[in-house]
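Biologist: Let us go through the charged and aromatic side-chain contacts. Show me the model, please.

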Amino acid sequence: MSISQETSRRWQMLAITVAIALLVWLLAPVLMPFAVAAMLAYLGDPLANRLERLGIGRTLAVSIVFVVLMLVIVATLVLLVPLIARQIENLVQNFPRYVEWGRDAALPWLQAKLHLDPNAFDTDRLVAEIKDHIGSIGSVIGKLSRSGFGVVMWLTNLVLIPVVWFYLLRDWDRLVAWIDRMLPRSIEPTIAHLARESDAVLGAFVRGQLLVMLALAIYYGVALTLIGISVGPLIGMVAGLLSFVPYLGFITGFAAAIIASLVQHGDWPHLLMVIGVFVVGQLLEGYVLVPRLVGEKIGLHPVAVIFAVLAGGYLFGFLGVLLALPAASVILVLLRYLAQRYKLSDLYTEEGSPDTVIAEVDVTVSQDAGGRVQTETRVAEGHESTEP
């Protein structure tokens, strides 16, 4: 292939990539149900493949997986929605107690320890602003609920997700094979290798991490409830949900549980029990759940996880938050591949000629009898210079 043909081929591939990215950007507002359905199909495909290996037809296997997962999701919603509603109602009812504890205990302690101005915190104004914001949120939700278009879009998405999920799950293997056939033959082996590696990363992260989050949410919620924390289930759900960022779920849940314990009980035994619950939770996560369910870590740094979630939310809204971590996992695979290609390239391996300007220099700083500082510079060529 000539240089001009190679350049033309690369420009065509770049144009196709840019067109696909632009199309995703423009259609982002309507892609949410399809993205959710694709994630559910990706999670359910291994189960359908196992049933196929047992001699069950693809359509029947997909129907079994679809029905079972739908029943699990519906049962989870039936159990969680009333629980979350009761927990939020409990939190709202006890909110004046939290404000009173903050005003009479926490703020005076902070002011005494940090030597702050007693008038720096106006709790009455803070409570009034919180109530105003809660009221504004309620009015926004009310407007959205009364909006005919919003209700129609919400119901449409609710109906579309299971329908698209079923068809994507049924045709998942054929869809993957079609994409493989449409790839340019020159890059197909590389893309196939990266796809297999990305699938391994996503399998370890998405499926495993979801189980870790679920296990931690159940553990923290049940344990905090057993030691007498009234909002324990809510704290457990938040801690489990945020556990995909290392230590974020632990820190958030631990701080919330400490505050709830101090407000509700205000004694050392409950405080020590809360500390024990989260110490055991960290040991359970680090030595049991993550090694067994996730396996080898995908290598995403906590800062990279936070950046991915914020960047995804800024660029694509809720869809971006939903796809941030899977996309970051795939990008990590691509970056590893590019790093390997770079280390095999002439830019990295070719050694340059010695730079005549750079020489090894040994600098010695000393002080004479008069107190003046002297700097002695010894250059590799043997030249010496002394500067006062």
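Modeller: Partly exposed means a relative accessible area between the buried limit, under 20%, and the exposed limit, over 50%. Note that this is a predicted model.

Biologist: Is Arg 170 buried, partly exposed or exposed?
Modeller: The relative accessible area of Arg 170 is 28%. Buried needs under 20% and exposed needs over 50%. Arg 170 therefore counts as partly exposed.

Biologist: Which residue forms a salt bridge with Arg 174, and how far apart are the closest N and O atoms?
Modeller: Arg 174 itself is exposed, at 57% relative accessibility. Its salt-bridge partner is Asp 171. The closest N and O atoms of that pair are 2.3 Å apart.

Biologist: What is the N to O distance between Arg 170 and Asp 171?
Modeller: The side chains of these two residues meet in a salt bridge. The cut-off for one is 4 Å. Arg 170 and Asp 171 come to 3.2 Å.

Biologist: In the salt bridge of Arg 58 with Glu 52, is Arg 58 buried or exposed?
Modeller: The closest N and O atoms of this pair are 2.9 Å apart. Glu 52 is partly exposed, at 30%. Arg 58 has 14% relative accessibility, and the limit is under 20%, so Arg 58 is buried.

Biologist: Which residues are linked with Arg 58 in a network of salt bridges?
Modeller: Glu 52 is already known as a partner of Arg 58. The network also takes in two Asp residues. Linked with Arg 58 are Glu 52, Asp 45 and Asp 173.

Biologist: Which residues form one aromatic cluster?
Modeller: The whole structure holds ten aromatic pairs. One cluster joins Tyr and Phe residues. Its members are Tyr 219, Tyr 220, Phe 250, Phe 254 and Phe 278.

Key:
Residues numbered from 1 in each chain as written. Predicted model: local features only at pLDDT ≥ 70, side-chain atom pairs only at ≥ 80, totals over all residues. Heavy atoms only, no water. Buried < 20%, exposed > 50% of the residue type's maximum accessible area, 1.4 Å probe, protein only. Phe/Tyr/Trp six-rings, centres within 6.5 Å; stacked < 30°, edge-to-face > 60°.
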